[in-house]
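Please look over the model below before reading on. My notes follow as numbered points.

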Amino acid sequence: MRALCYLQNVAGFVQEQIRHTAAWTKMMKILSRPSSSSPPPPPSGTWMISHAFHSKSLNVNTIDDALSLFNRMLRMRPPPSIVDFAKLLTSITRMKHYSTVLSLYKQMDSFGIPHNTYTLNILINSFCHLNRLGFAFSVLGEILKLGYQPSTATFTTLIRGLCVEGKIGEALQLFDKMIGEGFQPDVLTYGTLINGLCKVGNTSTAIRFLRSMEQRNCRPTVVVYSTIIDSLCKDRQLTEALSLFSDMLAKGISPNNFTYSSLIHGLCILGHWKEAIRLFYAMIHRKIMPDQLTFNTLVDALCKEGMVAKAHYVVDMMIQSDLKPDVVTYNSLMDGHCLRSEMGKAVNVSDTMVRKGCVPSVISYTTLINGYCKIQIMDKAMGLFEEMSRQGLIPDTVTYNTLIHGLCHVGRLRDAIALFHEMVAYGQIPDLVTYRILFDYLCKNHRLAEAMVLLKAIEGTNLDPDIHIYSIVMDGMCRAGELEAARDLFSNLSSKGLHPDVRTYTIMINGLCQQGLLAEASKLFGEMDENGCSPNACTYNMITRGFLRNNETLRAIQLLQEMLSRGFSIDVSTTTLLVEMLSDDGLDQSVKQILCEFVQ
């Protein structure tokens with residue numbers, strides 16, 4: 001009756017994946033398949049086997065050693081105790097040979113060697129690692145059927161199996177059932193569940209379990225704290241992460257390398273490099289040596305902030321710590337110099353990388369290509385592109401996008417389009433960034449017809465144009481005086497599953513103002529807030545200039561006042577237009593006085 005009660009209360013909630021009798025029968029058929037070879041005859045000198053179990057751990061270095069020892073154990077008379085078999089199975093589990101554990105379990109069963117809770121837990125663990133949860137829960141049923149008592153380790157293993165398969169809801173239910181049956185979760189149980197919650201982004205629930213853990217007098221470890229801190233950093237909740245870090249220190253729990261690395265990485269992503277450096281030195285002060293990832297994270301952050309000299313200093317520290325800079329380190333340094341247009345220094349870093357035996361990657365070449373494109377030295381950029389092929393490296397979409405943008409920027413639109421066709425011919429799939437670059441330069445260079453052909457081409461593919469691409473095309477239409485076509489495209493956005501953003505509205509408002517359609521422009525401007533897309537400074541300046549150019553000065557003044565009340569600034573173009581109007585002798589003096597207030 002007790003076994004039945006357990007099955008109903010503990011395993012019942014996963015009935016769709018656990019059919020106890022059927023699953024167990026199927027499992028036993030798997031385990032009962034004939035072995036490819038019979039165990040060898042019993043050897044002499046069995047005292048050697050007995051000697052192997054005198055210590056808590058076995059001196060088994062390879063799976064072949066383990067299998068040889070297992071086969072000899074089967075032939076011993078009397079046979080070793082189940083504890084000895086459990087030690088051997090544990091050793092094989094640590095080698096990650098989970099399928100072998102199942103096979104050996106079958107052989108033990110055929111030899112009539114009885115199992116205990118510990119060996120059945122090993123079996124559960126093996127099934128979980130092999131992603132066969134139904135069988136794992138069937139073993140739990142067998143534990144209960146045999147009258148054994150499951151342990152906390154049994155439930156922890158099953159919870160981990162559920163978490164690994166992303167079944168967090170079922171893991172939480174099993175946790176509740178476990179407590180309901182009077183089992184006390186330990187730090188490993190909590191840690192397993194917290195790790196599973198963090199992996200699916202449910203950090204808030206993980207924190208609640210941390211507090212529950214503390215209330216139950218189950219002291220969290222540095223691993224538990226670090227798991228949650230890392231998840232908070234990935235969610236960009238740096239304030240909460242640092243608060244938990246302080247809480248951890250206050251409770252006397254020493255952070256480890258992973259704790260610091262997570263925080264430093266999180267701070268760097270948000271641009272808090274000063275705080276990241278402070279933590280970096282605090283880490284060293286605690287005699288915790290940063291690893292390669294931590295060093296590289298800090299080097300990359302400093303380079304992105306333009307502090308390449310400091311980044312080089314961190315690399316020197318890295319070398320003094322017996323860590324070799326890798327391709328990621330060198331790429332960050334090159335990128336830092338490229339951002340500062342220091343191409344000579346960037347090339348020197350590249351040369352040093354090769355001299356130190358570090359092979360440049362696609363990212364290495366793309367970084368240098370981007371640097372040359374920024375300073376408009378396209379021959380050098382194209383030379384590096386050709387060198388990539390000679391080195392057996394395949395340029396990726398980012399490489400092509402970088403070059404296409406660089407060529408467009410210097411007016412070599414024909415070369416950019418040719419490179420685009422080469423990109424497609426070589427099997428590199430253009431992304432939305434590629435198309436945005438091409439549409440932008442086609443439309444700005446009054447090649448609207450080509451842009452429309454390209455738009456129809458990508459509308460027929462699996463890559464759906466986004467609102468940015470449609471906005472570029474609408475801008476091109478407005479520039480070409482094709483306002484009606486822009487209107488139609490704007491009206492059809494909703495049918496494409498898209499919503500105009502602030503840039504789309506601003507483009508349309510400007511197009512309407514250019515045609516003197518101020519009433520329609522004003523109506524569209526008013527719809528922005530209603531549609532949850534508030535106008536920005538660019539929108540205000542654009543519509544204000546439209547009213548000023550069409551001599552609607554009083555409405556323009558209202559817009560200027562509204563713009564300033566919202567905290568936006570009058571831009572240079574609007575200010576220039578206001579100054580021109582103030583020099584107009586025909587403008588009413590009272591209006592001039594009001595306009596003067598906006599240019600002071």
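1. Buried here means under 20% relative accessible area, and exposed means over 50%. The model is predicted. Asp 475 has 17% relative accessibility, so this residue counts as buried. Its salt-bridge partner is Arg 479, with the closest N and O atoms 3.0 Å apart. Arg 479 counts as exposed, at 52%. The two sit four residues apart in helix H27 (residues 467-479), which means about one helical turn between them.

2. How many salt bridges does the structure hold? The total is 20. One of them joins Arg 211 to Asp 247, with the closest N and O atoms 3.2 Å apart. This pair links distant parts of the chain: Arg 211 lies in helix H12 and Asp 247 in helix H14, 36 residues apart. Both belong to a salt-bridge network with Glu 214 and Lys 251. Arg 211 is partly exposed, at 31% relative accessibility.

3. Asp 415 pairs with Arg 412, the closest N and O atoms being 2.9 Å apart. Asp 415 is partly exposed at 35%. Arg 412 is partly exposed too, at 31%.

4. Helix H10 covers residues 168-180, and its end C-alpha atoms are 18 Å apart, in agreement with the expected span. Its buried residues include Leu 174, Phe 175 and Met 178. They fall within an arc of 155° seen down the axis, so they line one face. The face turned away carries exposed Asp 176 and Gly 180. Gly 182 follows H10, with a positive phi near 90°.

5. The largest pocket holds about 350 Å³ of space. Its lining has 15 residues; Tyr 118, Asn 121, Asn 125, Ala 153 and Thr 157 lie nearest the centre. The lining divides into four nonpolar, eight polar and three charged residues. Helices H5, H7, H9 and H11 each supply at least two of them.

How values were computed: Residues are numbered from 1 along each chain as its sequence is written. This is a predicted model: local features need pLDDT of at least 70, side-chain atom pairs count only at pLDDT 80 or more; totals for chains, interfaces and linings use all residues. Side-chain values use heavy atoms; hydrogens and water are left out. On a 1 Å grid over the protein atoms alone, a cavity is a set of points where a 1.4 Å probe fits but cannot get out, and a pocket is an open set with protein on both sides within 12 Å along at least five of seven lines; lining residues have an atom within 4 Å of a point. Grid points are joined across faces, edges and corners, and a volume is the space filled by probe spheres set on the points. Ala, Val, Leu, Ile, Met, Phe, Trp, Tyr, Cys and Pro count as nonpolar, Asp, Glu, Lys and Arg as charged, and the others, Gly among them, as polar. The expected span of a helix is 1.5 Å times one less than its number of residues. Buried means under 20% relative accessible area, exposed over 50%, partly exposed in between (1.4 Å probe, protein chains only). The arc is that of the directions from the helix axis to the C-beta atoms. A salt bridge is a side-chain nitrogen of Lys or Arg within 4 Å of a carboxyl oxygen of Asp or Glu.
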